[in-house]
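Dear colleague,

I am handing over the structure below, and my notes on what was found in it follow directly after. Please read them alongside the coordinates.

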Amino acid sequence: MKILASDYDGTLNVGGTVSKENIEAIQKWRAAGNLFGLVSGRNLGSIKRFLDKDNVPYDFMVGCNGSVIADAQGNATEHNCIPARVAKALFAEIFRYEAQYVSASYDWGSVHVEASTDLRADDTYLTIDEVRLDRVLEVSGWFTCPEHALTVRNACETMFAGQINGLMPTVQSIDFVCAGTDKASGIRKLVQSRGIDPEIILTVGDGDNDLSMLLSPDFCGYAMQNSMPAVLEQVSRRTESVAHLIEEYL
């Protein structure tokens, strides 16, 4: 039995859609007795909504960059929350850099966060003091340009050294998770919690936040040909699509 763990945005979903070719390949993969699942920076609710919309079959979900794990029935088995005091201080620090958009993610959803009620755009936004801080899995920020985002990432990782990990799914966004958490750690926890001993674990992705699972010696990682330049520089194995990768290993 083999496992294929795929990123969603820019990997399984390219150009806003999951191709029929990818879906049919996943069906063949699972029919052969293998497992397929999504490993994403998105929360579980967001992942499941898109998978259900495109009728994508799956055996597991790893959300918030490895911070939460769920089976095919949606049962969350692992959570790795950012400590509440760290999450609150992190929000405050991010707002110092004039982020375009800030959010807090939980296992099945996320909320928009503003620094104060004076800045609140509408009732769907919460302030830092209104956020349920003890259950935050991921703090995300979007910035005006790649240089700005990288500056914020470096500053926050220095300020909260040993407490958070900053991952960049795009060149203008950052997902902060608890230290020691990433997509690779999420996959390892999935395998351990299920007691699985797979023949091989394949991983595929396109962003900076995928590097942990693409470069891990425990897995066989592939970069999408449309990956971020930093990913293509570090990952030697390439694939055109999830379907092409599946065909290679069936």
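**Salt bridges**

Arginine 132 has a relative accessible area of 47% and is therefore partly exposed, where buried means under 20% relative accessible area, exposed over 50% and partly exposed in between, with a 1.4 Å probe and protein chains only. Its side chain meets that of aspartate 134 in a salt bridge, at 2.4 Å from N to O, the term standing for a side-chain nitrogen of Lys or Arg within 4 Å of a carboxyl oxygen of Asp or Glu. Aspartate 134 also counts as partly exposed, at 44% relative accessibility. Elsewhere, Asp7, Lys183 and Asp210 are joined into one network by salt bridges that share partners, and the structure holds 13 salt bridges.

Before going further, please note that this is a predicted model, in which local features need pLDDT of at least 70 and side-chain atom pairs count only at pLDDT 80 or more, while totals for chains, interfaces and linings use all residues. Residues are numbered from 1 along each chain as its sequence is written, and side-chain values use heavy atoms, with hydrogens and water left out.

Two further pairs involve helix α2 or the loop that follows it. Lysine 48 forms a salt bridge with aspartate 52, with the closest N and O atoms 2.7 Å apart; because the two are 4 residues apart in helix α2, they are separated by about one helical turn. Both are partly exposed, lysine 48 at 26% relative accessibility and aspartate 52 at 37%. Helices (H or I, at least four residues) and strands (E, at least two) are DSSP runs, numbered from the N terminus. Aspartate 59 pairs with arginine 30, the closest N and O atoms being 3.0 Å apart, and this bridge links distant parts of the chain, since aspartate 59 lies in the loop between α2 and β5 (60-63) and arginine 30 in helix α1, 29 residues apart. Aspartate 59 is buried at 12% relative accessibility, whereas arginine 30 is partly exposed at 30%.

**Cores and packing**

The largest nonpolar core, meaning a set of buried Ala, Val, Leu, Ile, Met, Phe, Trp, Tyr and Cys residues joined through side-chain atoms within 4.5 Å, has 30 residues, of which Leu4, Leu12, Phe36, Leu51 and Val56 touch the most other members. Among the elements that give two or more residues to this core are α1 (20-31), β4, α2 and α8 (242-249), and the largest share, 5 residues, comes from α8. A second, separate core of 27 residues includes Phe95, Tyr106, Phe160 and Met168.

In helix α3, the buried residues are Val86, Ala87, Leu90, Phe91, Glu93, Ile94 and Phe95. The helix (residues 84-95) has 12 residues and reaches 17 Å from its first C-alpha to its last, close to the 16 Å expected at 1.5 Å a residue, the expected span being 1.5 Å times one less than the number of residues.

**Asparagine 43**

Asparagine 43 sits in the loop between β4 (35-39) and α2 (44-53), and at 8% relative accessibility it counts as buried. Its side chain reaches the backbone nitrogen of glycine 45 at 3.0 Å. Leaving aside neighbours within four places in sequence, asparagine 43 is in contact (heavy atoms within 4.5 Å) with Cys64, Tyr106, Asp107, Trp108, Gly109 and Ser110.

Kind regards

Methods:
A polar contact is a pair of N or O atoms within 3.5 Å; within protein, one must be able to donate a hydrogen and the other to accept it, and residues adjacent in sequence count only if both atoms are side-chain atoms.
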